[in-house]
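Here is the note you wanted on this model. It goes point by point, from the fold down to single residues.

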Amino acid sequence: MSFHPKMAYGATFHKSSRQLEDEGPAFAYTPENRARFDDIVKRYPPDQRRSAVLPALYLAQHQQGYITANAIRHVAELLGITRADVEDVTSFYTMFYTKPVGAFVLQVCRTLSCALNGAERVTEEISAKLGIGVGQTDPSGTFTLLEVECLGACDRAPVVMVNDAWHECLKPEDASRLLDDLRARGETALSGCHHVVEGHR
């Protein structure tokens with residue numbers, strides 16, 4: 001007789017659900033990005049080069065559009081850390097994309113203030129206009145739609161982050177026009193962060 005519970009060691013008991021990154025094309029920083037990387041690394045003590053992993057990944061993503069296994073390998077080699085170290089960071093932070101995304105990544109905040117001010121309807125309007133669901137990219141490769149947690153501008157809800165820029169106080173009925181404006185004028189169509197705008201006055 002045993003006091004230990006009976007364990008079912010079936011075929012799926014130890015199966016990992018980890019998704020491997022797309023290998024992607026061969027990757028190396030452009031000369032300009034390599035110079036930026038070298039400048040960033042100088043900000044850290046030589047024995048703390050691993051601390052530059054976030055900006056190093058941002059450089060790779062800005063260069064290629066998303067993070068591939070080859071980009072991870074390149075960053076790991078330059079920082080003198082393991083590929084697993086870089087994969088851990090890539091998989092933890094939602095701002096890193098491991099699949100191709102559109103030219104404009106629309107991140108609709110869905111946290112309380114934005115939700116109360118119609119963020120769900122903003123997402124629905126964008127989804128209907130583009131014919132895609134959350135997490136998808138439109139057939140033209142122009143827009144990717146995501147829902148995210150608090151973007152930190154609760155007094156300006158609903159907020160949409162477009163790439164690294166902002167659009168605040170977006171009414172659901174104005175979402176379709178924002179897409180048209182982005183197509184026509186790019187990021188100049190965005191309102192910008194209220195605090196940044198106010199700071200320049």
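**Backbone and side-chain notes**

1. Start with a loop residue. Asn163 sits in the loop between E3 and E4. Its phi is positive, about 55°, although Asn163 is not a glycine. Keep in mind throughout that this is a predicted model.

2. A second residue deserves the same check. Cys169 is not a glycine, yet has a positive phi of about 55°. Cys169 is placed in the loop between E4 and H7. With 37% relative accessibility, Cys169 is partly exposed.

3. Now the cis peptide. The bond joining Ala157 and Pro158 is cis, with omega at about -10°. Pro158 belongs to the loop between strand E2 (143-148) and strand E3 (160-162).

4. The overall layout. The protein has 8 helices and 4 strands. Read from the N terminus, the order of elements is α-α-α-α-β-α-α-β-β-β-α-α. The chain counts 201 residues, and 38% of them are buried.

5. How many disulfides does the structure hold? The count is 0. Two cysteine pairs are worth a look here. The sulfur of Cys114 has its closest cysteine sulfur in Cys109, at 3.6 Å. That is too far for a bond, because a disulfide needs the two sulfur atoms within 2.5 Å. Cys154 is likewise in no disulfide, and its nearest cysteine sulfur, that of Cys150, is 3.8 Å away.

6. Is Cys114 buried or exposed? Cys114 is buried, at 3% relative accessibility. Cys154 is partly exposed, with a relative accessible area of 43%.

7. Salt bridges come next. Side chains of opposite charge can pair when their charged atoms come close. The search over the whole structure finds 12 salt bridges. Three of them are taken up in the points below, followed by a network.

8. Arg34 and Asp38. These two form a salt bridge, with 3.1 Å between the closest N and O atoms. Both belong to helix H1 (residues 31-41), and they are about one helical turn from each other because they lie 4 residues apart. Arg34 is partly exposed, at 35% relative accessible area. Asp38 is partly exposed too, with a value of 33%.

9. Asp39 and Arg43. Their closest N and O atoms are 3.5 Å apart, and the pair forms a salt bridge. Asp39 is partly exposed, with 40% relative accessible area. Arg43 is exposed, at 61%. The label changes because exposed means over 50%.

10. Lys129 and Asp180. A salt bridge joins them, the closest N and O atoms being 3.1 Å apart. Lys129 lies in helix H6 (residues 119-130) and Asp180 in helix H7, so the pair ties together parts that are 51 residues apart in sequence. Lys129 is partly exposed at 36% relative accessibility. Asp180 is also partly exposed, and its relative accessible area is 36%.

11. The network. Which residues are joined by salt bridges that share partners? Arg110, Glu147 and Glu149 form one such network.

12. A charged patch. Glu120, Glu124, Glu125 and Glu173 make up a negative surface patch. Glu173 comes from the loop between strand E4 (165-167) and helix H7 (175-185). Glu173 counts as exposed, with 54% relative accessibility.

13. A contact across the sequence. His74 is part of helix H3 (residues 69-79). Ala28 is 46 residues from His74 along the chain, and their C-alpha atoms are separated by 6.4 Å. His74 is buried because its relative accessible area, 12%, is under the 20% limit.

14. Places to revisit in the viewer. For the backbone, look at the cis bond between Ala157 and Pro158, then at the positive phi of Asn163 and of Cys169. For side chains, look at Lys129 with Asp180, the salt bridge between helix H6 and helix H7. For the surface, look at the negative patch that includes Glu173.

Terms used
Residues are numbered from 1 along each chain as its sequence is written. This is a predicted model: local features need pLDDT of at least 70, side-chain atom pairs count only at pLDDT 80 or more; totals for chains, interfaces and linings use all residues. Side-chain values use heavy atoms; hydrogens and water are left out. Patches are made of residues with over 30% relative accessible area and no salt bridge: like charges are joined within 9 Å, nonpolar side chains (Val, Leu, Ile, Met, Phe, Trp, Tyr) within 5 Å. Accessible areas come from the Shrake-Rupley method with a 1.4 Å probe; for residues, only the protein chains shown count as cover. A salt bridge is a side-chain nitrogen of Lys or Arg within 4 Å of a carboxyl oxygen of Asp or Glu. Lys and Arg count as positive and Asp and Glu as negative; His and the chain ends are not counted. The place of a charge is taken as NZ of Lys, CZ of Arg, CG of Asp or CD of Glu. Helices (H or I, at least four residues) and strands (E, at least two) are DSSP runs, numbered from the N terminus. Buried means under 20% relative accessible area, exposed over 50%, partly exposed in between (1.4 Å probe, protein chains only).
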